[in-house]
Amino acid sequence: MKFTLSWLKEHLETDASLSEIADRLTAIGLEVEGIDDKAALRPFRIARVLTAERHPDADKLQVLTVQAGEDVNGGQPLQVVCGAPNARAGMVGVLALPGAYVPGIDTTIGVGKIRGVESNGMMCSERELQLSEEHNGIIDLPEDAPVGTPFADWAALADPVIEINLTPNRPDATAISGIARDLAASGLGRLKTETPETIPGDGACPVGVRLEFPDGGPLCLGFGLRLVRGVRNGPSPDWMQRRLKAIGLRPINALVDITNYLTFDRGRPLHVFDAAKVTGDLVVRNAREGESLLALDGRTYDLKPGMCVIADDAGVESIAGIMGGEHSGCDDATTDVLIESALWEPLNVARTGRALGIITDARYRFERGVDPAFTLPGLELATRLVVELCGGTPSEVVATGFGEPAQKRLSLPLDEVERLTGLAVPADEQADILDRLGFAPTRTGETIGVIVPTWRPDVEGKADLVEEVMRLKGVDRIAPSPLPRTDAVAGRILTLPQIRDRAARRALAARGMVEAVTYSFISETEARAFGGGAAELALENPIAADMSDMRPSLLPGLLKAAGRNAARGFGDTALFEVAGVYRSDRPDGQRRVAGGIRRGTAGVSGGGRAWNGTAPSVGVFDAKADAIAALEAAGAPVERLQVEAPASDWYHPGRSGRIKLGPKVVLAEFGEFHPKVLRTLDVSGAFCGFEVFLDAIPEPRMKPTRTKPVLQLSAFQPVRRDFAFVVDAGVEALKLVRAAEGADRTLVTEVRVFDVFAGTSLGEGRKSIAIEVTLQPTDRTLTDEELEAVSAKIVAQVEKATGGTLRA
């Protein structure tokens, strides 16, 4: 929300400075985001170039004599060296006198010599004054610009523009009059806003209005219409154009500018129709299937049933509360104008605007809730401005659908402010604050009864009244208070999912991966490549064509991010993300996932070229190690995990796998990617990746204590023995490892695969798997006989589980 200081002072009589107003706005909850104050341009003068001659020692420079006013240099011309190609005798421009600070070049002007010729200032371009990016020549002002006048005053740039950040619950502050009301209530001046006078009408309005809502509740809560005959439309006055330009709006013509002006001045969006282009009466109704509208923004919108529109006998003329149609818009040829002021149902405006992808100042206000009591007064104010600026004769007002604005009555216990905030505010002061805000308080015993004003739809209960008291009393008056200390050990603050998220992030970052944050939306093609693309996960109003579906996986976003890095010369990339993915539109269809990818040579130990050779490309086992590291950090029982191949279809069928806990619970998938998937995403290179499903990890069992047990170390030397087994080529190494571990769980502490071999000497479809088994005695040194017995158990257990034989 933007407004100028002079505009605010039309509603607020105050002597406060700009900084005081800004500080007070932030203090009462209307946070100031920025102030654009061009007062620094006041030292720049409007000056006339009297002569322009070529510089004696530079072909691209000119020596100008410049007249800058009677109070500059005793009224005598100044000599200025200028390099602008458009500098010429007789032109009027903007002169920076010696001592002036030029913001566009961050320089203070002084008297100096340029190629041997003295220069007493600088003729300025728009970019040097930070007015635009134009710098091909100096500013060329109209011939009648008053020489010697401060440029900022003549161009109305000395009026600061204030921008505030509004929360959605403050629709009253979308009006400059509402902001002034809050400032006056805070003690920073007197409110000057007056209720508009009723404009008498000459005859009945020839255009009638009907509200037709047969299917459900009304979408229009009141509609006011008035015809003004004989208007002369044209440019709006300079004061109105300057204010609209200052807040970023483009002046169009007087009739349209009046509606835009009142939208910001009073928070009352209106619309004007060219009466000559309206056929028959206006009908407010639901849109029909197949209807469309060419809107004022030049785009055609396809309308759906449930959207509220204003139509005539020829068809739809306006999308209610959002945007008018081009057909009935006002232009310079308009002589009879219909002014509309209506009250629209906020939820319908929000749904329609979201579905059509239209964001306008009118929608912004209607979906938050405008003041229902100002609907017809707003029409009167617009009529007065139209008559004053464009002439014409107004008709009587047509008003239909209006009811009495609901009056919410609330009670505020006197001790509620102290109970919720800890700050004691006297009862009389509470009542005074609420009275200044327009709540009409009445004291009854230990409570204050209030009537909520119509411009505050956000006030629903006593806690909202406490907030009103406190923001005007001063939130900074609430003394900070530490949380109470307890004698017991504090309980766990973070939830288990939060703990797992943090642990997975730390583990993956420790493995050299960089955290990324990608969009939750991807294209339908990419979603289908990763098992998604269901109709219920398509967005009704996507922000872009390639962001149409909720992502079923983190991998597409990470792969494309790595591809963009590679296109910029950073090919060895390792990225991860911990976020949600979406498999269906049900709550159980959203999963919490830790995913990551590696590209090129970005292994755990780093990648790229080095003196001792290039690092190997990443592969399936890098992804497997990352997945297991994340699982272990998140609390998964890694000693009981099983690995099976392959993973989902977007992975390479021969270089991927699943990590499972038991036969059904899939905790993670990993592997290299299918070439078709990489082509779909338009990325290339060596890629591997993984996804860990954090919400599938079982919750740990509650223990009576979290204290770690005493570390017990054996005093005896461990014994390591190697075994090589010949098994069928389809036998997984994990199956063999698990069999060896189960041979004697009291002695076998670790089993590690250190060699896999396949060759013709072993026979067709056979392979050799070599393992190292660590035996750790705890109470005595093992004898040869005991070692042989354990070895026999290991061989027998492996042969039984895998069908393999000990390799000779």
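Let me begin with one residue, E772, which counts as buried because its relative accessibility is 18%, and under 20% is what buried means here. Please keep in mind throughout that this is a predicted model. The side chain of E772 meets that of R752 in a salt bridge, with 3.6 Å from N to O. Since E772 lies in strand β41, residues 766-775, and R752 in strand β40, residues 748-757, the pair ties together parts that are 20 residues apart in sequence. The partner R752, with a relative accessible area of 41%, is partly exposed.

That pair is one example from a longer list, as the count for this model comes to 46 salt bridges. Another joins the side chains of D182 and R471, at 2.8 Å from N to O. Here the link is between distant parts of the chain, with D182 in helix α4, residues 176-185, and R471 in helix α12, 289 residues apart. Both D182 and R471 are buried.

Helix α12 also holds E468, while R456 sits in the loop between β29 (447-451) and α12, 12 residues apart from E468. These two form a salt bridge whose closest N and O atoms are 2.8 Å apart. E468 is buried, with a relative accessible area of 2%, and R456 is buried too, with a relative accessible area of 2%. If we follow the salt bridges that share partners, we find R170, D172, D182, R456, D458, E468 and R471 joined into one network.

Now, which side chain of opposite charge is nearest to R500? That side chain is E699, but it is 6.3 Å away, and R500 is buried yet has no salt bridge, given that a salt bridge requires nitrogen and oxygen within 4 Å. R500 belongs to helix α13, residues 496-510, and, leaving aside neighbours within four places in sequence, R500 is in contact with A634, L694, I697, P698, E699 and P700.

Let me turn to the nonpolar residues. In soluble globular proteins, nonpolar side chains tend to be buried together. In this model the largest nonpolar core has 68 residues, and L25, I164, I179, L183 and V386 are the ones that touch the most other members. A second, separate core has 51 residues, including A574, V593, V618 and A623. To look at one member of the largest core, I164, beyond neighbours within four places in sequence, is in contact with M1, F3, L25, L30, E31, V32, E33 and I179.

There are nonpolar residues on the surface as well, where I493, L494 and I499 form a patch with about 280 Å² of accessible area together. Among them, L494 lies in the loop between α12 (462-473) and α13, and L494 is partly exposed, with a relative accessible area of 31%.

Finally, a word on the backbone. Most residues other than glycine have a negative phi, and most peptide bonds are trans. Against that background, the peptide bond from A645 to P646 is cis, with omega near -5 degrees, and P646 lies in the loop between β35 (642-644) and β36 (651-661). N73, in the loop between β5 (58-67) and β6 (78-82), has a positive phi, near 55 degrees, and is partly exposed, at 43% relative accessibility. D682 has a positive phi too, near 60 degrees; D682 is in the loop between α17 (675-680) and β38 (687-693) and is exposed, with a relative accessible area of 70%.

Definitions and conventions:
Residues are numbered from 1 along each chain as its sequence is written. This is a predicted model: local features need pLDDT of at least 70, side-chain atom pairs count only at pLDDT 80 or more; totals for chains, interfaces and linings use all residues. Side-chain values use heavy atoms; hydrogens and water are left out. A nonpolar core is a set of buried Ala, Val, Leu, Ile, Met, Phe, Trp, Tyr and Cys residues joined through side-chain atoms within 4.5 Å. Buried means under 20% relative accessible area, exposed over 50%, partly exposed in between (1.4 Å probe, protein chains only). Contact means heavy atoms within 4.5 Å. Helices (H or I, at least four residues) and strands (E, at least two) are DSSP runs, numbered from the N terminus. Lys and Arg count as positive and Asp and Glu as negative; His and the chain ends are not counted. Patches are made of residues with over 30% relative accessible area and no salt bridge: like charges are joined within 9 Å, nonpolar side chains (Val, Leu, Ile, Met, Phe, Trp, Tyr) within 5 Å. Accessible areas come from the Shrake-Rupley method with a 1.4 Å probe; for residues, only the protein chains shown count as cover.
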